[in-house]
Structure formats: C-alpha cells, structure tokens
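Work through the exercises below with the structure in view. Try each task before you read its solution.

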Amino acid sequence: MPPKGSKASKKASSQPWLHVDGTEIQEFGTVRMWPLALSEEARHYSCGRLNQILADTQILYALYKKHHWLMRGPTFYQLHLLLDKHAKEQLELIDEIAERVQTLGGIAVGDPRHVAEITVVPRPPNGAEEVPAMLSRLVEAHETILLAARDAASRAAELGDDGTNDLLVSEVIRTGEMQVWFLVEHLVDTPLVETPSEGETRVPRKTTSRTGK
C-alpha cells in the first residue's frame with residue numbers, strides 16, 4: 001500500500017484550485033536562455049526595445065479605439081470605419097511583438113497598468129477632442145513608435161537579431177507608415193467643391209474627343 005500523501009494515494013477531483021497565490025518565476029527585464037544562436041546581449045537589447053514599442057503600440061491601439069468611438073462631423077462614417085480598421089491592425093502587431101519578446105526568452109509587458117508606467121506616448125484628455133486634434137494625436141503617436149522602431153531595427157541587425165529586425169521593418173514600420181498616410185490625408189483642408197470668388201464665373205474645361213476634333 002502506498003504511503004499516505006504519495007501521488008498514488010491522492011483521489012482524482014474535478015474541483016478547480018481557486019484563489020491560488022503563486023511565486024513570480026521570472027522577473028520582468030530578465031531573459032531565459034535556449035539555443036537560438038543569439039547572444040545574451042542581443043536578446044536583452046531586443047527584448048528591452050520591443051517592450052517599449054509594445055507598450056506604446058498598446059496605447060496607440062487604445063487611442064484608435066477611443067477616437068473610433070468619439071468621432072464627430074460629416075466624415076464620421078468614413079473615419080469611424082478607418083480607425084477601427086487601423087485598431088485591428090495594431091492589435092495584430094501587439095500580439096506579434098509580444099510573441100517575439102517571449103521567443104527571445106523575455107517577459108512581454110501586458111498589464112495595462114504596467115504599460116501606462118513605461119509608455120512615452122502622451123496621455124490625451126479624458127473627453128472628446130476636435131477631430132483634427134484626434135487625428136493629429138494618432139499621427140504623433142505613430143511617429144514616436146516609428147522613430148523607436150527604426151533605431152531598434154538597425155541595432156538589432158548589427159547584433160545579428162534578424163528576426164527582430166524583420167518584425168520591426170516588415171510589420172511595425174510598414175504598417176505604421178501606411179496608417180500615417182491614411183490619417184494625414186484627412187488633415188488636408190481641401191473642399192469637395194470649390195466656390196468661385198465673388199463676381200467670378202466658373203468656365204467649364206474644354207475636353208478633347210478621342211478623334212482630336
């Protein structure tokens with residue numbers, strides 16, 4: 001008969017373990033090592049830079065969702081949809097960046113309270129801003145991330161971390177650049193219909209037929 005308290009003597013139970021207190025088994029900012037053909041220096045560097053970009057990207061995602069909800073004005077529908085599309089793309093980036101940190105043996109920043117402590121993206125007002133201010137705030141947050149991503153990508157390449165370099169260049173930078181383009185075009189003050197000056201008559205442009213006549 002197995003001794004009391006041994007594994008064999010325990011009865012099976014479907015009762016979940018509730019209110020379990022655990023011990024932190026890896027501290028934030030540390031890196032576990034396994035065979036990736038990358039130096040510890042490269043891993044520490046990439047995890048640190050990726051976590052900063054990850055925190056800022058999580059804030060950018062939150063700003064996109066906030067402005068998606070609070071959009072105003074005649075372009076409400078178009079911008080409401082556009083900002084939600086951008087938010088979904090940023091959410092995908094968040095997952096990719098976090099998983100890269102974990103792949104390198106690090107700890108990805110995930111708690112929103114921790115994110116708020118380390119982000120460098122300025123906090124917006126709690127209420128609604130004018131539409132140009134909302135869009136401008138998004139563009140500035142993008143630029144913060146793009147600056148960090150370009151610098152980190154270059155250094156990661158120097159350290160031989162091609163995976164991090166590829167993620168930053170192919171995903172973070174290219175996605176950010178495209179989204180900035182779509183945003184800034186909404187900040188151009190171009191009327192849909194130009195009103196002629198007082199006393200001026202609009203003369204239709206002459207068109208030439210395909211035959212040249």
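The exercises go from the whole chain to pairs of helices and then to single residues.

**Exercise 1. The whole chain**

Task: Find how many helices and strands there are in the chain, and give the order of the elements.

Solution:
- Keep in mind that this is a predicted model.
- Count the elements. The chain has five helices and zero strands.
- Read from the N terminus. The order is α-α-α-α-α.
- Turn to burial. The chain has 213 residues, and 34% of them count as buried.
- Look at the surface. About 14,700 Å² of the chain is exposed, and carbon and sulfur atoms supply 55% of that area.
- Check the contacts between residues at least 6 apart in sequence. Of these, 77% join residues at least 24 apart.

**Exercise 2. Helices α1 and α2**

Task: Decide whether α1 is roughly parallel or roughly antiparallel to α2.

Solution:
- Locate the helices. α1 spans residues 40–70, and α2 spans residues 76–103.
- Take the angle. α1 and α2 pack at about 160°, with their axes 9 Å apart.
- Compare with the cut-off. An angle over 145 degrees counts as roughly antiparallel, so α1 is roughly antiparallel to α2.
- Add the hand. The crossing of α1 and α2 is left-handed.
- Sort the residues of this contact by class. There are 14 nonpolar, eight polar and three charged residues.

**Exercise 3. Helices α2 and α4**

Task: Work out how α2 is oriented relative to α4, and which residues make the contact.

Solution:
- Locate α4. This helix covers residues 131–158.
- Take the geometry. The axes of α2 and α4 come within 13 Å and cross at roughly 20°.
- Apply the cut-off. Angles under 35 degrees count as roughly parallel, so α2 is roughly parallel to α4.
- Note the hand. α2 passes α4 in a left-handed crossing.
- List the contact residues. α2 contributes Leu-79, Leu-83 and Gln-90, while α4 contributes Val-131, Leu-135, Leu-138 and His-142.
- Class them. Five are nonpolar, two are polar and none is charged.

**Exercise 4. Helices α4 and α5**

Task: Describe how α4 and α5 cross, and class the residues of their contact.

Solution:
- Find α5 at residues 162–184.
- Read the geometry. The axes of α4 and α5 come within 9 Å and cross at roughly 160°.
- Conclude. That angle makes α4 roughly antiparallel to α5.
- Give the hand. This crossing of α4 and α5 is left-handed.
- Split the contact by class. It holds 17 nonpolar, six polar and two charged residues.

**Exercise 5. Two buried residues of α1**

Task: For Ser-46 and His-68, establish whether each is buried or exposed, and name the residues they touch.

Solution:
- Place both residues. Ser-46 is in α1, and so is His-68.
- Recall that buried means under 20% relative accessible area.
- Test Ser-46. Its relative accessible area is 2%, so Ser-46 is buried.
- Test His-68. Its relative accessible area is 7%, so His-68 is buried.
- Set aside neighbours within four places in sequence. Ser-46 is then in contact with Leu-104, Ala-156, Asp-161 and Thr-164.
- Do likewise for the histidine. His-68 touches His-80, Leu-83 and Asp-84.
- Take one pair. His-68 and Asp-84 are 16 residues apart in sequence and 6.0 Å apart in space, C-alpha to C-alpha.

**Exercise 6. The segment before α1**

Task: Sort Gln-26, His-19 and Ala-37 into buried and exposed, and note the phi of His-19 and Ala-37.

Solution:
- Place them. Gln-26, His-19 and Ala-37 lie in the segment before α1.
- Start with Gln-26. At 16% relative accessibility, Gln-26 counts as buried.
- List its contacts beyond four places in sequence. Gln-26 touches Val-31, Arg-32, Gly-105, Gly-106 and Ile-107.
- Check one distance. Gln-26 and Gly-106 are 80 residues apart in sequence and 8.7 Å apart, C-alpha to C-alpha.
- Go on to the others. His-19 is exposed at 78% relative accessible area, and Ala-37 is exposed at 84%.
- Recall the general rule. Most residues other than glycine have a negative phi.
- Compare. Phi is positive in His-19, near 55°, and in Ala-37, near 60°.

Methods:
Residues numbered from 1 in each chain as written. Predicted model: local features only at pLDDT ≥ 70, side-chain atom pairs only at ≥ 80, totals over all residues. Heavy atoms only, no water. Helix = DSSP H or I, 4+ residues; strand = E, 2+ residues; numbered from the N terminus. Buried < 20%, exposed > 50% of the residue type's maximum accessible area, 1.4 Å probe, protein only. Contact = heavy atoms within 4.5 Å. Areas by Shrake-Rupley, 256 points an atom, 1.4 Å probe, with all protein chains shown as cover. Axes fitted to C-alpha atoms, helices over the stretch in contact; angles between N-to-C directions. Parallel < 35°, antiparallel > 145°, perpendicular 65-115°, else oblique. Left-handed = near helix turned anticlockwise from the far one by under 90°. Nonpolar A, V, L, I, M, F, W, Y, C, P; charged D, E, K, R; others polar.
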